[in-house]
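Student: Could you take me through one part of this protein slowly, the place where two helices pack against each other? I'd like to see how it sits in the rest of the chain too.

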Amino acid sequence: TVLIRGETGTGKEMVARALHEMSSRRGEPFIAVNCSALPGTLIESILFGHERGAFTGAERRQRGQLELAGAGTILLDEIAEMPTELQAKLLRVLEDRRFRPLGAEAEVPLRARILAATHVDLEQRKEEGSFRQDLFYRLNVVTVHLPSLAERGDDLIELLDDFCADLPRKLRFTDEAIAWLMRRQWPGNVRELRNVVERLVLLADSD
């Protein structure tokens, strides 16, 4: 289990995909679930799945993402936003390597590897009581810290080259332009830099 930490826009999901592609699971599915984008009840159904009639509106059996991932990798993005009652269930899944779909009688074995990502201070969330301490230690087997773009120095030049290579119009950056870009703080990090490059491709009068 790997916990990927870093500010918004630093590329946490890309790191998760790289971990998947460089592992023996690369031929299996990679599934990302954003824990902050869905209400708690819906996240539980999406993760664990449900049987027909498990709740109002459950008209058919639905396999959850933990089952659909097979022997692949599942990324729980923004793990800090997971409701506390669901955190307890996730801890049990990590410990027992089994889970029970909503309304089901039998448990399903967990074959997938679980990765988690967050941009918030989980230690502070632990102190506040909004994130379970035991789940933190279970997720935090190996930690990958992603630096902000402002901390990456000359990496910015390589990122510019890489972004420009993917775009139909090739841009050339003067030394003054690069120096200006490197002085910026980039609160949106690598994602913000890519957006700037794409905007320049659309709006610049010349290359």
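**A close look at one helix pair**

Tutor: Helix 2 and helix 4 run roughly parallel to each other. This is a predicted model, by the way, so treat what follows as computed from that prediction. Two packed helices are described by the angle between their axes and the distance between the axes. For helix 2 (residues 40–48) and helix 4 (residues 84–96), the axes cross at roughly 20° and come within 11 Å. Angles under 35 degrees count as roughly parallel, which is why this pair gets that label. As for handedness, the crossing of helix 2 and helix 4 is left-handed.

Now for the side of the contact you'd care about at the bench, the residues. Helix 2 brings G40, I43, E44, L47 and F48, and these meet L86, K89 and V93 of helix 4. Sorted by class, that contact has five nonpolar residues, one polar and two charged.

Just ahead of helix 4, have a look at M82, which lies in the loop between strand 5 and helix 4. M82 is buried, and its relative accessible area is 2%. What is around M82? Setting aside neighbours within four places in sequence, M82 is in contact with C35, L47, L76, Q87 and L90. L47 should ring a bell, being one of the helix 2 residues that meet helix 4. Y137 is 55 residues away from M82 along the chain, and the C-alpha atoms of the two are separated by 16 Å.

It helps to set a second pair beside this one. Helix 7 (residues 155–165) and helix 9 (residues 189–203) have axes that come within 10 Å and cross at roughly 50°. That angle makes helix 7 oblique to helix 9. The crossing here is right-handed, while that of helix 2 and helix 4 is left-handed. On the helix 7 side you'll find L156, L159, L160, F163 and C164, and they meet V190, L193, R194 and V197 of helix 9. By class, this contact has eight nonpolar residues, no polar ones and one charged.

While you're at helix 9, check N189, which is found in that helix. N189 isn't a glycine, yet its phi is positive, at about 60°. N189 is also buried, with a relative accessible area of 0%. W186 is another non-glycine residue with a positive phi, near 55°, and it is found in the loop between helix 8 (175–183) and helix 9. W186 is buried as well, at a relative accessible area of 2%.

Helix 1 (residues 12–21) gives you a helix covered by strands. Its buried residues are K12, A16 and H20. They cover an arc of only 85° around the axis, so they sit on the same side of helix 1. An α-helix has 3.6 residues a turn, so residues three or four places apart point the same way. The cover over the buried residues of helix 1 includes strand 1 (2–6), strand 2 (30–34), strand 5 (73–77), strand 8 (113–118) and strand 9 (142–146).

Stepping back to the whole chain, there are nine helices and nine strands. Of its 207 residues, 40% count as buried. The C-alpha trace spans about 65 × 40 × 35 Å along its principal axes. And among contacts with a separation of 6 or more, residues 24 or more positions apart account for 72%.

Key
Residues are numbered from 1 along each chain as its sequence is written. This is a predicted model: local features need pLDDT of at least 70, side-chain atom pairs count only at pLDDT 80 or more; totals for chains, interfaces and linings use all residues. Side-chain values use heavy atoms; hydrogens and water are left out. Axes are lines fitted to C-alpha atoms, for helices over the stretch in contact, and angles run from 0 to 180 degrees between N-to-C directions. Helices (H or I, at least four residues) and strands (E, at least two) are DSSP runs, numbered from the N terminus. Angles under 35 degrees count as roughly parallel, over 145 as roughly antiparallel, 65 to 115 as roughly perpendicular and the rest as oblique. A crossing is left-handed if the near helix is turned anticlockwise from the far one by less than a right angle, and right-handed if clockwise. Contact means heavy atoms within 4.5 Å. Ala, Val, Leu, Ile, Met, Phe, Trp, Tyr, Cys and Pro count as nonpolar, Asp, Glu, Lys and Arg as charged, and the others, Gly among them, as polar. Buried means under 20% relative accessible area, exposed over 50%, partly exposed in between (1.4 Å probe, protein chains only). The arc is that of the directions from the helix axis to the C-beta atoms.
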